[in-house]
Amino acid sequence: MAGATALVVLASFCWGLSGGIGGMLMADDWDAFVVSFYRGAIGLVFVLGWLAIRPRHSGLSNPRLWGWSAVAGLGVAGNFAFYFLSISQGSVAVAATLMYSAPIFVYLLSFVLKLEKPTPLKWAAIAVVMLGIVLLTRIYDVGAGGITLLGVGAGLLAGVSYAVFIFGFKYAAPHGSPQAILVIAFAVLAVLLAGLGDTSQTLDVLHTPDWPLFVTLGILGAGLSFIFYVNGLHHTAPAVASIVAMVEPVTASLFGLVVLGESLVSIQIVGMVLILATVTALSVYSSPKE
């Protein structure tokens, strides 16, 4: 159990670092979609290797595996692209925290579709997170700290896209192996994002001095991290996974503050704490007791 939890922590840490590395690349004027494409494309190479090493029970002949894996691919493509777009329009700390708040919006959608029963506790949590978002983004003073409405919206959509990935992965899992699901998902991502990014920049990456950063981003942000996460999640309790997931936004925020020289005023820090604490507590509360 401890080893599995360590893998989830390591995956979250890698994802946190990937946000900072992406921020460095976009500070050098690389397009957010190009950065997202290479993160996923390099990840595809790693999961292809994983599938080659462990090809048994892949389920690749099952149409349902392909369908649900494609849904997962749409989710991870949206997560990568919206996350980096949010960073380019604001900061790593704000983008990472907004992405982490996505479960609240999943709850709201579940209430509307009558998939989840609303309770006073859940409504209170939603209200607190909404307040946290207002304080973190200072949306009442758009433009403060370089944060834009596009950055706020993209950060929230990154989290919703991650929920779509989890949904697709969950329903694909009974039909094949995790490595096969990830291969299909990352292939869908590569096809989608290859057409959305700047073509000249996509080719320029192959001979840019920044290529080590792109490789590091792909390895940490999609290659090793997803392999760690999938293997660790099998033996980690949902409540524990919810808590250790905080490693990602915290790592990303520290990277932005320390390495990229970003700054947060005190009211934004209060908003960040409200969001992280409330979402984590609600996730633990909602996890199956077993």
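Leaving aside neighbours within four places in sequence, Gly256 is in contact with Val92, Gly261 and Glu262. The structure that shows this is a predicted model. Gly256 sits in helix H12, which covers residues 247-258. The residue has 0% relative accessibility and therefore counts as buried. A further link is to the start of the chain's numbering. Gly256 and Leu17 are 239 residues apart along the chain, yet their C-alpha atoms are separated by 9.4 Å.

Thr251 was examined next. Thr251 also lies in helix H12. Its relative accessible area is 12%. The cut-off for a buried residue is under 20%, so Thr251 is buried. Where are its partners in the sequence? Beyond the neighbours within four places, Thr251 is in contact with Phe13, Gly16 and Leu17. The C-alpha atoms of Thr251 and Leu17 are separated by 6.5 Å, although these positions lie 234 residues apart in the count along the chain. Phe13, Gly16 and Leu17 fall within the range of helix H1, residues 2-27. Leu17 thus appears in the C-alpha pairs of both Gly256 and Thr251.The loops gave a contrasting picture. Asp29 lies in the loop between helix H1 (2-27) and helix H2 (32-53). Its phi is near 75°, a positive value in a residue other than glycine. Is Asp29 buried or exposed? With a relative accessible area of 63%, Asp29 is exposed, because the cut-off for that class is over 50%. His57 lies in the loop between H2 and helix H3, which spans residues 63-89. The phi of His57 is also positive, near 55°, and His57 is not a glycine. The relative accessible area of His57 is 65%, so His57 is exposed.

The whole chain was then considered. Which secondary structure does the chain contain? There are 13 helices and zero strands. Read along the sequence, the pattern is α-α-α-α-α-α-α-α-α-α-α-α-α. UniProt, in an unreviewed entry, places the feature "domain: EamA" at residues 6-137 and 150-282. Over residues 6-137, the chain is 83% helix and 0% strand. The C-alpha atoms at the two ends of that stretch are 32 Å apart.

Overall dimensions came next. The chain has a radius of gyration of 18 Å. A compact globule of 290 residues would have a value near 19 Å, so the two agree. Taken along the principal axes, the C-alpha atoms fill a box of roughly 50 × 50 × 35 Å.

Contacts across the sequence were also counted. Among contacts in the chain with a separation of 6 or more, 86% join residues 24 or more positions apart. The contacts of Thr251 with Phe13, Gly16 and Leu17 give examples of pairing between distant positions.

Burial and surface complete the description. Buried residues make up 50% of the 290 residues in the chain. The accessible surface comes to about 13000 Å². Carbon and sulfur atoms account for 72% of that surface. The chain has 10 positive and 11 negative side chains. How far apart do the centres of the two sets lie? The separation is 24 Å.

Definitions and conventions: Residues numbered from 1 in each chain as written. Predicted model: local features only at pLDDT ≥ 70, side-chain atom pairs only at ≥ 80, totals over all residues. Heavy atoms only, no water. UniProt positions renumbered as here; feature names shortened; annotations may be inferred. Helix = DSSP H or I, 4+ residues; strand = E, 2+ residues; numbered from the N terminus. Rg over C-alpha atoms; globule rule 2.2 N^0.38 Å. Buried < 20%, exposed > 50% of the residue type's maximum accessible area, 1.4 Å probe, protein only. Contact = heavy atoms within 4.5 Å. Areas by Shrake-Rupley, 256 points an atom, 1.4 Å probe, with all protein chains shown as cover. Lys, Arg positive; Asp, Glu negative; His and termini not counted. Charge placed at Lys NZ, Arg CZ, Asp CG, Glu CD.
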